[in-house]
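Let's take a stroll through a protein model and see what turns up. Keep the picture open while you read, and try to find each spot as it comes up.

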Amino acid sequence: MDRNNIIGLVLIFLIVGASFYLIKPSEAEIKLEQARQDSTAAAKDGSVVNKDTINKLVQLDSAAALAKPFGAAQLAQEEIVTLENSILRIDLTSKGAKVKNVLLKGETNFDGSALNIIEGENNKFGFLFKAAGENINTNDLVFSVVNKTANSATLRLNYKNNQYLEYIYTLTDSHNLALNVNAVGIQKLVDIQQKSLILDWETTLLQKEQNINSEREKSSIFFKDSEGDIDHLSETSDDEEKIEGTKLDWIAFKQHFFSSILSSKQQFENTNLVTRLATQDGVVKTFKATAELAFNAQANNHYEFNYFFGPNKYNTLKAEGKSYDKLINMGWGPIGWINRFLTVPLFDWLDGYALSYGIVILILTLLLKGAMFPLTRKSYLSMAKMRVLKPQLDTIKEKVGDDNPMLLQQEQMKLYKQAGVNPLGGCLPLLLQMPFTLAFFFFFPNLYELRGESFLWMKDLSTYDTFISFSPIMGIGHISLMCVLMTLVTLLTTWYNNVTSGATSGMASQMKYIGYIMPLLFFFMLNSFPSGLNYYYFLGAVFTFLTQFIIRQSIDDDKILAKLEENKKNPKVQKKSSFQAKMEEMMRQQQAAQHNKNK
């Protein structure tokens, strides 16, 4: 064996010996483990463990904890600090120096209990890092309260006098709670190569609304990236998203009508977001967000956060100036534009008169129907023209027969042109009203102002009214009276249309029955929707029926027919409209294609 081999073996023995010495448990840890084993053996033998043994075990456990970084913080007693303004009462806990409860004043849950946006142990918040070789999670450590006033508090996690983690909370006069985090001297404890701290935030949302299924479907994690784009995870299923390469300005834990939003001056990096649907009664969802925050291993670090705790009220969120209002689903594309630039301002204007929200919805419906009345009347006139032309259309059909559909269409279009009738003229008002109908479909279910507001027998316009309750059948356990009334009026309107149209003007007989089937289908779909939305649809159906009845009574079919016959003699009518020209060209192409196919 040469000298190099001997030297190598000696070094190996030295390293193994040194490692054994360095990693061997301390005397306190050895005694603690021995006490635990003695206690376990006594329990198995059925022996009673005396109080001295228990006290000794606690003392040894405390000694082992104190030997670790921030060990004293594992043994301190939890303390609650309360900050309060006219809107919020916030309880901070020294365990983790986190928000424990957020009570929104003047609001209650559906059962009348006080409404807490964040509740007890359901909220976790902390930084994850490695210090002196130990994994640290500040959520589990007890901070010391070093200063507190009515609207501010300072909590500190000490390692040494010049090495600590400090949280400074400041409650403003609004929905905002500022959090400044100072990491002083901590960089001396961590690996010099560490470039970031991990922020870990997790919340379990408890039920606040009567319809927990709807509450689950309207709750998710939203976020805004550095490009200004706002996105969210799935609202209807479990979801997870890892956001790499893009920094985030804020993360929102959105419940149906309330949100907790965390924004940061130092943007979140490599963020991972998770939503999980709950299966327990009274639990909506669990949200979890982890993100990296840049960490300077050469100097002290400072982070500025801001919490927003408040309602998902459009004007309140918009006033924050951080695009928080995008949490409210106003609909896609033109639907969202209608709600943001027309419905919201109009609703706010009416709301300024301190009217009942049932009256506000009534006025909104009247304004919409009034604005649409000229077009609606024109639509009914167009349908009346089609009705009086029906005998002539039937004559053309008998003459041409069913064997040549292309020729039949051409002859019908020729009659329309001569009489000056647009066969699609009755569809225009329906098409124009459709965006507003869809806009309100998004507007009312997300309208915070309706929450807890009653009207007539409806106790809460933001959820369904329960007329009859029973054991759930195929997921349905109630009947909404307002939804029933809306369905009945829609069926009445359908019946009246079929009667006054003279067994339909050109409509296939089976189409009549669709008019009866659709309201029934909508009943099952809207039965669990907010009574405010069904009330709006009910009013719309009533005004539609009344409008049709009034216009129908004012229309004289004989005068309309006389006018159409006069149009046939008017050479100006012979000029084709662009629509008619396109229709005729389309029919010629179809006829030519059919002719070539038969060759």
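Strands here are DSSP runs of E at least two residues long, and they are numbered from the N terminus, as helices are. Keep in mind that this is a predicted model. With that settled, here's a tour of its empty spaces, its rings and a few residues worth a look.

**Closed cavities**

- Rolling a probe the size of a water molecule over the atoms shows where empty space is left.
- How many cavities of 30 Å³ or more are there? The count comes to four.
- The largest cavity has a volume of about 100 Å³, and 14 residues line it.
- Nearest the centre of that largest cavity you'll find Tyr-314, Met-330, Phe-443, Leu-447 and Glu-449.
- Two elements, helix 5 (314-319) and helix 6 (333-351), give two or more residues each to the lining of the largest cavity. Helix 6 has the largest share, with three residues.
- Sort the lining of the largest cavity by type and you get eight nonpolar, three polar and three charged residues.
- The second largest cavity has a volume of about 40 Å³. Its lining is made of Leu-199, Trp-201, Ile-251, Leu-262, Phe-268, Ala-289, Thr-290 and Ala-291.
- Which strands supply at least two residues each to the lining of the second largest cavity? They are strand 11 (196-206), strand 16 (258-277) and strand 17 (283-294).
- Strand 17 gives the most to the lining of the second largest cavity, namely three residues.
- The lining of the second largest cavity holds seven nonpolar residues, one polar residue and no charged ones.

**An open pocket**

- The second largest pocket has a volume of about 730 Å³.
- Of the 34 residues lining the second largest pocket, Asn-211, Asn-213, Ser-214, Glu-217 and Ser-528 are the closest to its centre.
- Several elements each supply at least two residues of this pocket's lining: helix 4 (212-217), helix 9 (428-443), strand 19 (468-473), strand 20 (476-479) and helix 11 (509-526).
- Which helix gives the most to the lining of the second largest pocket? That's helix 4, with four residues.
- By type, the lining of the second largest pocket splits into 13 nonpolar, 16 polar and five charged residues.

**Rings and their partners**

- The model has 31 aromatic pairs.
- One of them joins Phe-523 and Phe-524 in an edge-to-face pair, 5.3 Å from centre to centre and with 75° between the planes.
- Is Phe-523 buried or exposed? Phe-523 counts as buried because its relative accessibility is 14%, and the cut-off for buried is under 20%.
- Its partner Phe-524 counts as exposed because its relative accessibility is 54%, and exposed means over 50%.
- Ring pairs also link a cluster that includes Phe-125, Phe-127, Tyr-167, Trp-201, Phe-287 and Tyr-307. You've met Trp-201 already, in the lining of the second largest cavity.
- Arg-156 lies over the face of Tyr-164, at 4.1 Å from the ring centre.

**Backbone angles**

- Most residues other than glycine have a negative phi.
- Asn-270 has a positive phi, near 45°. Look for Asn-270 in strand 16, where it is partly exposed with a relative accessible area of 27%.
- Leu-456 has a positive phi too, about 55°. Leu-456 sits in the loop between helix 9 and strand 19 and counts as exposed, at 62% relative accessibility.

**Spans from the record**

- UniProt, in an unreviewed entry, places the feature "transmembrane region" at residues 6-23, 353-376, 423-447, 467-492 and 513-529.
- In the model, residues 353-376 are 83% helix and 0% strand, with the end C-alpha atoms 30 Å apart.
- Residues 467-492 are 46% helix and 38% strand, and the end C-alpha atoms of that span lie 21 Å apart.

**One last residue**

- Lys-397 is found in helix 7 (residues 357-400), and at 41% relative accessibility Lys-397 counts as partly exposed.
- How many residues apart along the chain are Lys-397 and Glu-411? They are 14 residues apart, and their C-alpha atoms are separated by 8.9 Å.

Note on methods. Residues numbered from 1 in each chain as written. Predicted model: local features only at pLDDT ≥ 70, side-chain atom pairs only at ≥ 80, totals over all residues. Heavy atoms only, no water. UniProt positions renumbered as here; feature names shortened; annotations may be inferred. 1 Å grid on protein atoms, 1.4 Å probe; cavity = no way out; pocket = protein on both sides within 12 Å on 5 of 7 lines; lining within 4 Å. Points joined across faces, edges and corners; volume = space filled by probe spheres on them. Nonpolar A, V, L, I, M, F, W, Y, C, P; charged D, E, K, R; others polar. Phe/Tyr/Trp six-rings, centres within 6.5 Å; stacked < 30°, edge-to-face > 60°. Buried < 20%, exposed > 50% of the residue type's maximum accessible area, 1.4 Å probe, protein only. Lys NZ or Arg CZ within 6 Å of the ring centre and 35° of its normal.
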